[in-house]
Amino acid sequence: MDKVDKTKENIGISNLDDSTKKDLFDRFQKAGGQVIDERTKRRNLAIDRNSQKALQRRLDGHRNTIRQESQKKKRPGVPAARQAPQPAKKYSEPKGSAFARLMIRVRLSFYGIAEFSALYFKLKFLEKFNNVIKPAIMELQMVYLEIFRKNPKLGNQVIQSLDKADPIYYELIVMVSDLYDKMIIDQIVDQYINFPDVPKKVSELKDQLMSLYRRLYILRRYQTMILTSFEKAIDILQRIDRDGKISGLSSMKRKVRNNISILYYRLIPKLHWLFCYYYGKKYDIFDTSIETILAIKPSDKPGSRKRKSIEEETAEETEEEAEIAIEDENAKDAIPDHVKSGLKLMYELNLQNLRKDFDKYGRFSAASEADKVLICYLLFHEFDNEYSVILTTNKVKYNVSYSHKGMVDYRNVLRGLYDEMRKCEESFKNYTDILDNFDKMKKEKPASNAQYIEYTKRLEILKKKRNAAGRETLRIVQDYSDRILATVEELVQDFEGQHTIVENPQDVLLFESHIEGLKKLNGKKVYDAILTVYQFVSALSYRLGPEGDLSGSIEFKPEEMEKREKSTPEKKAAEVSGDQASQSVLDELDDML
């Protein structure tokens with residue numbers, strides 16, 4: 001049944017009589033109704049199709065007009081400024097898939113950054129940030145200040161030397177030091193320090209963490225170059241520090257290496273996953289779109305620093321040479337007091353007596369008194385015989401020290417340094433073996449001119465080999481003395497500061513003569529004994545260093561030997577102590593009073 005039949009049935013048309021139906025039809029026509037047959041239907045359909053075709057033609061023409069106008073705007077030669085500006089992309093809305101966002105939350109939980117819901121930070125993350133990451137960033141800035149700002153004159157010399165190699169070195173060091181922004185770092189750890197039990201929302205630290213991530217992301221490709229920059233700067237400073245006022249340079253490289261490792265392997269990966277969470281999409285760390293999101297411009301990247309002109313460098317070098325000349329005149333007065341005290345201990349020694357005591361078997365029988373390696377050997381064994389006992393004795397009680405670097409057991413550290421003395425002994429033995437071969441070759445006499453030429457070549461080769469072995473031996477002893485000096489210096493600094501490392505600094509050291517022999521440290525207090533060792537090792541390191549008399553060639557020149565022979569040990573000690581003699585009289589008067 002179709003709709004018309006159903007309608008007829010519902011209104012009951014079939015029940016009406018013919019007169020009623022005719023009356024209703026008349027009234028329908030009077031109201032304007034019409035009866036449409038099949039022919040009229042077909043005619044109306046044809047008219048509708050024509051109207052539709054006309055409308056379609058008008059729409060097509062309008063589309064073609066718009067397309068032509070857009071093509072005219074993109075023609076080459078039309079300035080870009082005339083085109084409508086494109087709105088900047090916004091990355092505030094998450095665009096990653098639901099699965100990607102789930103994986104980000106899993107990573108945040110796996111790395112110990114946030115709970116799986118990613119609403120709150122884990123307490124462990126904020127604790128590590130405060131105790132590990134924050135000190136690492138601060139120490140890098142402290143190293144920068146120590147090198148370039150503590151002594152501006154030396155700092156400028158280091159900058160000039162770095163610029164001669166590559167201007168990017170100093171630029172990278174400055175950018176690393178700028179990682180520490182006190183306001184940002186304090187905002188990150190503030191709630192953890194004051195209210196550790198109150199959870200911190202991840203969304204609340206977005207600006208601070210992303211600001212830190214932006215600075216680190218700029219430097220992500222320069223890890224090796226950053227390490228090289230700091231090492232070069234430290235080496236240059238160590239070379240030009242004539243006063244020896246900057247201490248701890250030997251441990252700076254280790255600090256820089258550890259702290260850079262913390263930033264690159266522990267901090268950057270965690271900040272990258274936080275970045276992915278904040279922007280709702282999983283990004284690869286090398287994705288170029290990250291720079292767009294973080295608004296990193298080319299001017300923000302390293303490489304913009306330029307090398308100074310030749311005229312500027314020449315003027316600065318002239319000023320430096322004048323300053324160095326003045327410093328050289330007063331070099332004697334620039335020696336630190338503890339080094340002077342150590343030199344006084346050395347110059348009171350009689351090298352001939354030391355040679356009888358420490359070279360009983362004639363290992364250095366072929367060496368002359370002008371041999372610097374022989375003198376170094378005698379001083380080294382003087383340290384081993386009289387002062388190295390402080391490295392192994394149980395009479396000094398050490399407390400285990402805790403710091404941001406971890407646990408330090410100074411007893412084990414000092415004993416390990418004592419065991420490393422074998423390397424110096426092996427170096428001395430290698431030198432004496434080469435020296436003996438050289439001496440035997442010198443005593444041989446060629447029988448003919450042809451043999452003389454060959455003899456001269458072989459002698460020259462052995463001489464070069466002896467010089468190389470001698471310089472290497474002096475370098476090994478200097479490195480060893482520097483390592484001892486760095487550790488003992490920490491003990492001396494603790495004596496002057498917190499007094500937490502050595503437990504019994506006022507105890508008197510008493511050694512059994514039949515077991516440990518007669519020691520110069522016997523009867524001294526622990527504090528005085530460690531200070532004496534510090535002075536002696538400082539003097540040994542100084543004499544082997546660039547300003548010392550045991551550096552350079554491995555033998556003293558004849559005119560230098562004449563000066564050494566004229567000056568007795570007592571005169572040398574008086575020359576080194578200088579004005580200390582007059583001060584000692586005043587000190588005695590003070591004691592008497």
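**Note on a surface patch and two buried residues**

1. On the surface, F99, L102, V106 and F116 form a nonpolar patch that together has about 370 Å² of accessible area. Such patches are made of residues with over 30% relative accessible area and no salt bridge, with nonpolar side chains (Val, Leu, Ile, Met, Phe, Trp, Tyr) joined within 5 Å and like charges within 9 Å; a salt bridge is a side-chain nitrogen of Lys or Arg within 4 Å of a carboxyl oxygen of Asp or Glu. Accessible areas come from the Shrake-Rupley method with a 1.4 Å probe, and for residues only the protein chains shown count as cover.

2. This is a predicted model, in which local features need pLDDT of at least 70 and side-chain atom pairs count only at pLDDT 80 or more, while totals for chains, interfaces and linings use all residues. Residues are numbered from 1 along each chain as its sequence is written, and side-chain values use heavy atoms, leaving out hydrogens and water.

3. F116 sits in the loop between α4 (98-110) and α5 (123-148), where helices are DSSP runs (H or I, at least four residues) numbered from the N terminus. With a relative accessible area of 40%, F116 is partly exposed, a class between buried (under 20%) and exposed (over 50%), using a 1.4 Å probe and protein chains only.

4. D494 belongs to helix α20 (residues 449-495) and counts as buried at 9% relative accessibility. Apart from neighbours within four places in sequence, D494 is in contact (heavy atoms within 4.5 Å) with H499, T500, I501 and V502. A polar atom of the D494 side chain lies 3.0 Å from the backbone nitrogen of I501.

5. H381, in helix α16 (residues 372-387), is buried with a relative accessible area of 13%. Leaving aside neighbours within four places in sequence, H381 is in contact with F358 and E425.

Definitions and conventions:
Helices (H or I, at least four residues) and strands (E, at least two) are DSSP runs, numbered from the N terminus. A polar contact is a pair of N or O atoms within 3.5 Å; within protein, one must be able to donate a hydrogen and the other to accept it, and residues adjacent in sequence count only if both atoms are side-chain atoms.
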